[in-house]
Structure formats: C-alpha cells, structure tokens
Amino acid sequence: MQARHSPHAPHAKAPRPEGNSVFSAFSVRRRGAVRPAVAALVPGLFAAGSVLIAGPAVADEAPQHTGGASATLDGLTTFDRAVLHDGGRDQEVPAGLFEMTVDGGGRLKTYCIDIHNPTQEQAKYLETPWDQTSLGANENAGRIRWILQHSYPQVDDLMALADQAGTGPLTERTAAAGTQVAIWRYSDGAEVEALDPAAEKLADWLEKKAQNTEEPRASLSLEPNAVSGKAGERLGPVTIRTDADRVTVNPPADAAASGIKVTGKDGRPVTSAVNGSRLYLDIPSGAADGTASLTLQATTSVPVGRAFAGVTKSQTQILAGSSQSTVSANATATWAKKGPIPALSAEKNCAKGGVDITATNKGDEAFTFELMGFKHTIAAGESRTVTVPVPEDQAYDFTITGPGGFSKNFKGLLDCKTSGSAGPAPDQPSSQPGPASVGGTSGGDVNLAATGTSNATPLVAGVAIVLVLAGGAAVFLVRKKKAPSTEE
C-alpha cells in the first residue's frame, strides 16, 4: 500500500529516405535535476537525427500502452492496519483496497504489489502485461492471482469466507487487510502481519492455500500494433485479442475523404469485430504516402489479476475487481508507393532491462536507421528489434521524426522491480499524506510515512543514465526475422 510498502520482492527477483534514416532524439525525462545534470555532463550526447517517413504529421504523445484499460487512482478506500517488520524496525501501515476511475467509464478495485513504493496523488495507470512489471520475474505471481480469485472482494460473502478460512468474523475492512497482507508476502517477500486477529488468520490461510495460476489475458490488445505496406494493398492483418463480446472499430479520422477502408479478411468493410478477428487497412492505389491510426474500443469487465502500472513512478497495482469498463487499443499503418516502408513499435523489456524498438520493412528497398551511434539495416521483407537499455525507475522518451511533420513518440517508465526495503522506518509517520501518497476515503484518517528517498536521487539517476547510455550502447540486443506476410 502506500507510503512505506514493504520489502522488495521475491524476484531476484515511416519512411522513404533518400539517405540513411535515423532515430531522432532519445531524451530521458525525470523531475528535479536530471535533465540539467545530463546536459552538463554530456552536451551533445543525444544528437538529434530523423527517421525519414513520408506522410502527414502523426503525433503520439500518449504514454506507451499495449492496450486495455487506463485509469486514474482515486485512493485507498477499504482498509485496516498492518505491521511491517523491516530493517530491525516496525512500521504500522494501512492495508487494503484502492479504487480507480476508468477513462471512458468504469471502476476498478486494486491491491498494491510494491509495498515500499508510494502512490502518486491522482496517478494515471495503464493495464500492463505481467512481464512488463515486477510480476514477470516473480515465480509467485500466479499465487497472487489465486489469492485475488479466492478472497475479498471476489468472494463477497464474508461469513462464508470466514468459515472457510477459520478466521472468526470478518468485516470488509479486515477482509481487505488480510488479503493485502497475503499478497505482500508474495509480491514483495515482506515480513508483514495484520493487526486484527481475524485479518491475520485470513492472510495466513490465503498464503498457505495459494496455488500458481496463469496470467489473465489482456482486456483488449492488438497483434501487431503497427503494420506497413505499399499503397494499393491491404495492410495487415491486425488480430484482436479480447474478452469483450464485441469491439467497435473506429476507422482513421480522414478515412471517408482518403478512401481508406477497414476490412476483414474477405475484403468487406467492418465496423465491429470479436476476439480473433483479423483486420486490414485497404489503401487506395492512388493514395499519397502516409500514416493512419486505427482505434478499437469495447466495454467489458477487466480480468482479475491484470497488472496496472503507473505512467509516472507510483506503486504498481493488481486488479481485484472491475465493473463494466471502457477499454481501447490502437494500431498504426504506414504506406508508400516505393522504397523502404517501415512499421515502428516499442515495448518494455523487463527481462533485458530496456525498451524494444521494432522496425518491420514491407517496402522494396532496405531500411537503414542509426540508434545511439549504431547503424542497423533491415532488408525488404525483414524485421529487426533493438533493445535500448534504460535504468530501473527511469522515464524514457523516444521520438522518431521525418519529413512532412511526421512524428512518432514512445514514452513510458521502466518499472520492473519492487522498490525493496527503504531502510528503517521513521519513528513517526508524517502528519498528512504528501503529494506522493493517497489517503483513504472510507476507512478513517491515514497517516503515511515517507519512503526514504532523498533530494539527491534525481542527480544520481541523471549521472547513472549518462553512464549507461554512453557506455551501454555496445550491449544493444538485436533480433532479426522475416516480416509477417500481408495475407494469412
């Protein structure tokens, strides 16, 4: 949960260039002294270049998202108290359920899976695959999902839950506290116990009974989320993965004027689809070189156990319950008459400590780009992925630009590990929740302690990322494969 959440866990945790095209600015954003520190230490390290992609201006300033729900944290709403034993000290902390408001409509209930990391007030969260969070390296991630499926609020008959677990009477607050404590023991390897005896018995029972279960599927995602090809072709397929009964397909904004159509495999226009549907963008043969975006939206209940990661540094959450909520996903398409025609995408790679930048070339000429001083050439019909190292807890911002005002931006935060012990707890928590923490709304006043970070952290991080990026370019990991064919 908030302020001092416990130890850190069980895981050891597009384009038609005339010359070479180049990934442009790679900037690292973090509050405080980071940017000035980086600028002072290595002026010119991140030299601007360009990716020469023909077409109209396309700006993607939203945080990188693989699809699903996006939501705003409202705060801790149903909770009791627990004691965290850490660094030879005891710290009393709130333990229970958070609530979030989904963009476009809906409500989520979540538990914390990073006890030492504070929440940010009104933080923005995105539904995220396990392998892009601390759960990816946590062998007990499946047990956490089992706990969620077999306790409050999924089990809302508290008398039955108390009888099954042998706890004695449970309230919503103590059931939430016991569930959170059990989760922390697996998410953070925390030595933590609930203050209420019934809540503590529930935590012990859940911890003992928990079994490994599989990661739930995303509420909505697209595979792949970037395609390319020649004008006059159908670009795709883009395959829909969802638990929703039906998905609304929103064509590109200027589709009517440009003649671009969204079709199924049979070539017929589609406005709605289902899980497994394959979509194509039919580009007229006379269309000028360009790029378009396809948006899909649905209303569904987000599966229990989906992770939610903060857009900014804010403790990672795991879903305990969902109303019918709005979920969405986007895909981009790039086309040209001839030359290199890349599709560009990015994805966090926690296993390798960085961000995968993938370029697939569906053109008839090789596509060459330069990234951090290294040139990579993608032959026609091939795909290549370059892993850019990014320090843990570091914001990143990749911008790819080209002629005609084209701009493709990938931004996010690499948050792949729990925060670990923040050291001995202070004698007294702060009297009021600070801007880095969210208090409860229904469980009484909550005083949360600071996390133990200092003002020196941004400067240290700034120095660290300069060293990593200046010397780490040699460890880029490159994978190459044949690009998927247009038809299947």
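**Asparagine 349 and the largest cavity**

Asparagine 349 is buried in this predicted model, because its relative accessible area is 11%, under the 20% cut-off. The residue is found in strand β19, which covers residues 342-349. Its side chain has a partner a little further along the chain: one of the polar atoms of that side chain is 3.1 Å from the backbone nitrogen of lysine 352. Beyond the neighbours within four places in sequence, asparagine 349 makes contact with Gly354, Val355, Asp356 and Thr387.

It helps to set this residue against the protein as a whole. The chain has 488 residues, and 55% of them are buried. Its secondary structure consists of 26 strands and seven helices. The accessible surface amounts to about 19,500 Å², with carbon and sulfur atoms accounting for 50% of that area.

Attention now turns to the interior. Rolling a probe the size of a water molecule over the atoms reveals where empty space remains. In this model, the largest cavity holds about 130 Å³ of space. Its lining is made up of 16 residues, and those closest to the centre are Gln64, His65, Leu126, Thr128 and Lys348. Three strands each contribute at least two residues to this lining, namely β6 (124-128), β16 (307-310) and β25 (407-414). By character, the lining comprises seven polar, six nonpolar and three charged residues.

Terms used:
Residues are numbered from 1 along each chain as its sequence is written. This is a predicted model: local features need pLDDT of at least 70, side-chain atom pairs count only at pLDDT 80 or more; totals for chains, interfaces and linings use all residues. Side-chain values use heavy atoms; hydrogens and water are left out. On a 1 Å grid over the protein atoms alone, a cavity is a set of points where a 1.4 Å probe fits but cannot get out, and a pocket is an open set with protein on both sides within 12 Å along at least five of seven lines; lining residues have an atom within 4 Å of a point. Grid points are joined across faces, edges and corners, and a volume is the space filled by probe spheres set on the points. Helices (H or I, at least four residues) and strands (E, at least two) are DSSP runs, numbered from the N terminus. Ala, Val, Leu, Ile, Met, Phe, Trp, Tyr, Cys and Pro count as nonpolar, Asp, Glu, Lys and Arg as charged, and the others, Gly among them, as polar. Buried means under 20% relative accessible area, exposed over 50%, partly exposed in between (1.4 Å probe, protein chains only). Accessible areas come from the Shrake-Rupley method with a 1.4 Å probe; for residues, only the protein chains shown count as cover. A polar contact is a pair of N or O atoms within 3.5 Å; within protein, one must be able to donate a hydrogen and the other to accept it, and residues adjacent in sequence count only if both atoms are side-chain atoms. Contact means heavy atoms within 4.5 Å.
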